[in-house]
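This briefing goes through one protein chain, from its overall build down to selected residues. Please keep the sequence and the coordinates at hand while reading.

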Amino acid sequence: MNAGFQQWLRESIDQLKAQNLYKQPPILESPQGGRVRIGGREVINLASNNYLGLANDPRLKQAAIEAVQQFGAGAGAVRWLGGTNTLYEQLEQKLAEFKKTEAVLVFQSGFNANSGAIPSCFGEGDVIISDELNHASIIDGVRLSSAKYKKSEGYVYEHKNMNHLEDILKRCGHFKKRLIVTDGVFSMDGDIAPLPEIVALAEKYDAVVMVDDAHASGVLGEHGSGTTSHFGLYGRVDIQLGTLSKAIGVIGGYIAGSQLLKEWLINRGRPYLFSTALPPAAVGAILKAIEILQTDPEPMRRLWDNARYWKENLQKLGFDTMGSETPITPVFCGDEGIAQQMERQLYEAGVFVVGIVYPTVPRGKARVRTMPNATHTRKDLDDALEAFEKVGKALGVIHRWV
Ligand SMILES: *Cc1c(COP(=O)(O)O)cnc(C)c1O
């Protein structure tokens, strides 16, 4: 092994630790749910993206088993090469109906869908205009493109600032194509993109709109079909990304749009071309999850009911939830060390949350991110509120005394 490299790794890790930026994954000893087992203890789980509780739903597990029995454990190859199967075709058709778009193409993850779709559609001579709080996978997708996109060159707009976006668009008339790309629901803040305004600007300045609905899938819109539905913008958003890994409870991502977009991505989307497809178990479980979303409004109702209760009560206690409008509920800490202490002390008090620090959020804007979901009982949330009050007061995170 290269000694200099190992030394560099050690020093770099020590630096992260000194800045309170070092992460280690908590180890779960149970399935996902309202409460989980960590370190031999049962704790209230406010850390997952399992919005609707589908990750451990018996109906999804059964569907996964049946798909394995019918189609096996693995996909065998990338789809264009080894052949796709009827399960994928069914899934893409169902998703297209669900999204009310012409077509859908499934990728192995939301991350892959971003890194496949963006650089294959936008390159030399084009410009990509981004919200400054876009998710890392959008940013990486954008970086893979040879379009103009850099913040230092003026192509990143202040978070949700439509005047700033318009200023940028005014300067971009000479590019061949213009893309505006945004999170639908911002993953660390829980606020919603002003999609109607973005679409109106795109129409005025001849730009393409792409929305990443990772956190809107299963959460916003009719049956949880996303922000396009939430705002009634059917037919006006060119590229919609969805995840199958969060509210849908399994794994995978997809791009919804026109049939032409799908055909182009089959031919030029690199993760589709060069990475093996999702296993049949995942596809079978996802099909079941979509069916549940379309027929059973209960999980979404419970999710939003819990989200409202949780947010209202945190605010009553004096926590700053940073303008969140969705179940994603950040609790502002500011300092990275405080966020990490908050995570530790809450765990000791029986609550599992994770402190979010740079590079996931800007420096000095550390927070713990809380995620109430459909599986929480009122008692889970009340117990968690009690723990938050105690720890928040001890750490000085509560800013306002009520
Ligand atoms: C989580 C997330 C992704 C990535 O989705 P995966 O399916 O987990 O790879 C993409 N975009 C946003 C906004 C996300 O929050």
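The points below cover the whole chain, one helix, the backbone exceptions and a few residues with their contacts.

The model is predicted. Its chain holds 15 helices and 13 strands. The radius of gyration is 22 Å, close to the 21 Å that the globule rule gives for 402 residues, so the chain is as compact as a globular protein of that length.

**Whole chain**

- The C-alpha trace spans about 55 × 55 × 55 Å along its principal axes.
- Of the 402 residues in the chain, 53% are buried.
- Among contacts with a separation of 6 or more, 73% join residues that are 24 or more positions apart.
- The accessible surface of the chain is about 17900 Å², and carbon and sulfur atoms contribute 52% of this area.
- Charged side chains number 44 positive and 46 negative, and the centres of these two sets are 2 Å apart.

**Helix 8 and its surroundings**

- Helix 8 runs over residues 195–204, and its buried residues are Leu195, Ile198, Val199, Leu201 and Ala202.
- These buried residues lie on the same side of helix 8, because they cover an arc of only 160° around the axis.
- The cover over the buried residues of helix 8 includes three strands: strand 5 (156–157), strand 6 (178–183) and strand 7 (208–212).
- Helix 7 (162–170) and helix 9 (227–230) are also included in that cover.
- Lys204 belongs to helix 8 as well, but this residue is exposed, with a relative accessible area of 57%.
- From Lys204 to Gly53 the C-alpha to C-alpha distance is 41 Å, with their positions 151 residues apart in sequence.
- Asp206 follows helix 8 and has a positive phi, near 55°.

**Backbone exceptions**

- Most residues other than glycine have a negative phi, and most peptide bonds are trans.
- Asn20 is not a glycine, yet its phi is positive at about 60°.
- Asn20 sits in the loop between helix 1 and strand 1 and is partly exposed, with a relative accessible area of 30%.
- Lys100, also a residue other than glycine, has a positive phi near 55°.
- The loop that holds Lys100 lies between helix 4 (86–99) and strand 3 (103–107).
- With a relative accessibility of 48%, Lys100 counts as partly exposed.
- The peptide bond from Tyr358 to Pro359 is cis, and its omega is near 10°.
- Pro359 is part of the loop between strand 12 (354–356) and strand 13 (366–370).

**The loop between helix 1 and strand 1**

- Lys23 is located in this loop, which connects helix 1 (3–18) with strand 1 (35–38).
- The relative accessibility of Lys23 is 47%, so Lys23 counts as partly exposed.
- Leaving out residues up to four places away in sequence, Lys23 touches Val357, Tyr358, Pro359 and Thr360.
- Both residues of the cis peptide bond, Tyr358 and Pro359, are thus among the contacts of Lys23.
- The C-alpha atoms of Lys23 and Gln340 are separated by 9.6 Å, while the two residues are 317 residues apart along the chain.
- Pro31 is found in the loop between helix 1 and strand 1 too, and at 46% relative accessibility Pro31 is partly exposed.
- Pro31 is in contact with Val36 and Asn56, neighbours within four places in sequence being set aside.
- Between Pro31 and Ala55, 24 residues apart along the chain, the C-alpha separation is 8.1 Å.

**Arg270 in helix 11**

- Helix 11 covers residues 270–274 and contains Arg270.
- Arg270 has a relative accessibility of 58% and counts as exposed, the cut-off for that class being over 50%.
- Not counting residues up to four places away in sequence, Arg270 touches Gly116 and Ser275.
- Arg270 and Gly116 are 154 residues apart in sequence, and their C-alpha atoms are 5.4 Å apart in space.

How values were computed:
Residues numbered from 1 in each chain as written. Predicted model: local features only at pLDDT ≥ 70, side-chain atom pairs only at ≥ 80, totals over all residues. Heavy atoms only, no water. Helix = DSSP H or I, 4+ residues; strand = E, 2+ residues; numbered from the N terminus. Rg over C-alpha atoms; globule rule 2.2 N^0.38 Å. Buried < 20%, exposed > 50% of the residue type's maximum accessible area, 1.4 Å probe, protein only. Contact = heavy atoms within 4.5 Å. Areas by Shrake-Rupley, 256 points an atom, 1.4 Å probe, with all protein chains shown as cover. Lys, Arg positive; Asp, Glu negative; His and termini not counted. Charge placed at Lys NZ, Arg CZ, Asp CG, Glu CD. Arc of directions from axis to C-beta.
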